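Please walk through the following structure step by step, moving from single residues to helix packing, to pairs of side chains, and then to the chain as a whole.

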Amino acid sequence: MFNIKTRIDTQLQHNFSNISLFTTFSGVKTEYFEAQADRKTINFCEYCPVHCSFEQKPSPISLNKIGLTYFCPAGLSFLYAPYVKDNKILGYNISEPISYGKTADCISENETYCLPLSMISKTSRLLFALSNQKFNVFLIESLTNQLIATIKELNPEKAKDILNNAIKEFMIFSEGNFEIMKTYLTQFILMLYELIDEYRFITKPTYGDLFPGHKLSQADTLGVLTSGFDIVSKEFMLQIFPAAVYRHYALLQKATLIIRQNFQNKLTQNEIANAIFLSPSYFSKIFKEALGCTFNQYVNQVRIEKAKEMLQLPNIRIQSIPEMVGFDNRSYFGKIFKQLTGTTPGQYRNSILSDSRIK
C-alpha cells in the first residue's frame with residue numbers, strides 16, 4: 001500500500017478527479033502531497049514505501065512546474081506531476097514505485113507495480129496532461145507519428161532529420177527552462193525505446209543498458225541530457241534502419257511505395273522485383289535482410305493496417321473489407337488479422353467504437 005505522508009487538500013477536487021481517471025486507465029496508483037512553501041528540491045526516497053537497502057542513494061532533484069519520469073538507481077521509476085496554480089506549485093502527484101526492468105536484488109516484486117517500458121512512456125504523458133496543461137503532450141505525439149511514418153516509408157534520412165531537429169523543438173517549447181527541457185527529452189528518449197521495442201529488426205536492448213535512467217533523472221546540465229539523447233538516437237537508427245537499409249534504401253523505398261499504393265491488387269514478389277530491376281532471388285534476400293520480414297509478410301502487414309483504418313468507419317461492412325484491401329479469401333483475412341492484432345475484425349471494430357463513445 002502506498003504510504004500517505006501528507007494529507008490531501010480537499011479543495012483540489014478537479015486535480016483529484018483527473019488523477020482518479022488516470023489510475024482507472026493506467027492501473028498506476030498515485031497520491032497527492034501538498035508542497036512546502038520553502039522547498040526547492042524533492043527526494044523520491046522519502047515517498048517510496050519499498051524497503052530498499054540499495055547503497056547508492058540518489059541526490060534530491062529540483063522541483064519543477066511541468067512533471068517528469070524519475071528513475072532511481074535501484075531500477076524503479078516514479079511519475080511526478082505538479083499541481084500548479086497562479087504559477088506556483090501547490091502540490092504534486094507522485095505514483096507508486098514502478099519497476100521497468102531489472103531491479104536491485106533488495107527489492108521484491110510484490111513491492112512494486114510492474115509496467116513494460118512502453119506503458120511508462122504512455123502513462124507519464126497522460127499524467128502530465130491531466131495534472132498540468134503546460135506540458136505539450138502533442139509535441140511528443142507528433143514527433144512519434146513522424147518517426148513511425150519514416151519507418152513505414154523506409155526513409156532513414158528523414159528520420160535523422162527529425163531526430164536532429166527534436167532538441168531545437170524542445171528548446172523552443174521549454175522557453176529556456178532546463179527542467180522543462182529535461183522532461184521533454186526524458187519522454188522522447190522513452191518514446192524512442194518504445195519504437196525500438198515495436199519496430200526493431202535486430203536484438204532489443206533493455207532500457208538503461210545504453211543510458212541508465214537514473215543518470216537522466218540526476219542530470220543537471222544540458223550537455224548530460226543531450227549526450228544521453230545522442231546515444232539513444234544512434235541506437236534507434238541502428239535498430240530501425242540497419243546497414244542493409246542504408247545500402248539499398250532507395251530501391252526498397254520504391255518497392256514499399258509500390259506495395260502501399262497497390263495493396264488492393266494482386267501483388268507478387270516477381271512483379272515488384274522486375275519493377276525495380278532486380279532479380280527475384282536478390283530482391284527477396286535484401287528485402288528480408290533490411291525489413292526483417294518476407295515480402296508476403298510485409299504485404300499482409302500493409303493490408304491489415306489499411307483494414308484497421310476501414311474498421312474505424314462504421315458505414316463500411318466488415319464483410320466487404322477483405323476484398324477492398326486485397327484478400328480474396330475472408331477466412332484467410334480473419335486468420336492474418338487475428339495473427340497480427342490479437343483480435344478479430346469484429347472485436348477490433350467494437351473496441352474502437354466503444355472508445356469513441358467514451359471520449
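Lys182 is found in helix H5, and in this predicted model its relative accessibility is 6%, so Lys182 counts as buried, the cut-off for that class being under 20%. Once neighbours within four places in sequence are left aside, the residues in contact with Lys182 are Leu216, Ser217, Gln218, Ala219 and Leu225.

The helix that holds Lys182 also packs against another helix. Helix H4, which covers residues 156-174, and helix H5, which covers residues 178-199, have their axes 9 Å apart and pack at an angle of about 145°. The crossing in which H4 passes H5 is right-handed. On the H4 side, the contact is made by Leu163, Ala166, Ile167, Phe170, Met171, Phe173 and Ser174, and these meet Ile180, Met181, Tyr184, Leu185, Phe188 and Leu192 on the H5 side. Sorted by character, the residues of this contact of H4 with H5 comprise 12 nonpolar and 1 polar, with no charged residue among them.

Charged side chains come into view elsewhere. Side chains of opposite charge can pair when their charged atoms come close. How many salt bridges does a search of the whole structure find? The search finds 1, and in it Arg260 is paired with Glu305, with the closest N and O atoms 3.2 Å apart. Because Arg260 lies in helix H8 (residues 243-261) while Glu305 lies in helix H11 (residues 295-311), the pair ties together parts that are 45 residues apart in sequence.

Aromatic rings provide a further set of links, and a search of the whole structure finds 12 aromatic pairs. In one of them, the rings of Phe287 and Tyr298 have centres 5.6 Å apart and planes at 80°, so the pair is edge-to-face, a class that requires planes over 60 degrees apart. This pair links distant parts of the chain, since Phe287 belongs to helix H10 (residues 280-291) and Tyr298 to helix H11, with their positions 11 residues apart in sequence. Both Phe287 and Tyr298 are buried. Ring pairs also join Phe327, Tyr332, Phe333, Phe337 and Tyr348 into a cluster.

Another phenylalanine deserves a separate look, this time for its backbone. Phe277 lies in the loop between helix H9 (269-275) and H10, and its phi is near 60°, a positive value in a residue other than glycine. Is the residue buried or exposed? At 72% relative accessibility, Phe277 counts as exposed, because that value lies over the 50% cut-off.

Further along the chain, Ile352 has its place in helix H14 (residues 345-358). With a relative accessible area of 23%, Ile352 is partly exposed, since this value falls between the limits of 20% and 50%. Its C-alpha atom is separated by 9.9 Å from that of Pro314, a residue 38 positions away along the chain.

These local views can now be set against the whole. The protein chain has 14 helices and 8 strands, and 48% of its 359 residues count as buried. Among the contacts in the protein chain with a separation of 6 or more, 65% are accounted for by residues 24 or more positions apart.

Notes
Residues are numbered from 1 along each chain as its sequence is written. This is a predicted model: local features need pLDDT of at least 70, side-chain atom pairs count only at pLDDT 80 or more; totals for chains, interfaces and linings use all residues. Side-chain values use heavy atoms; hydrogens and water are left out. Axes are lines fitted to C-alpha atoms, for helices over the stretch in contact, and angles run from 0 to 180 degrees between N-to-C directions. Helices (H or I, at least four residues) and strands (E, at least two) are DSSP runs, numbered from the N terminus. A crossing is left-handed if the near helix is turned anticlockwise from the far one by less than a right angle, and right-handed if clockwise. Contact means heavy atoms within 4.5 Å. Ala, Val, Leu, Ile, Met, Phe, Trp, Tyr, Cys and Pro count as nonpolar, Asp, Glu, Lys and Arg as charged, and the others, Gly among them, as polar. A salt bridge is a side-chain nitrogen of Lys or Arg within 4 Å of a carboxyl oxygen of Asp or Glu. Buried means under 20% relative accessible area, exposed over 50%, partly exposed in between (1.4 Å probe, protein chains only). Rings of Phe, Tyr and Trp (its six-membered ring) pair if their centres lie within 6.5 Å; planes under 30 degrees apart count as stacked, over 60 as edge-to-face and the rest as tilted.
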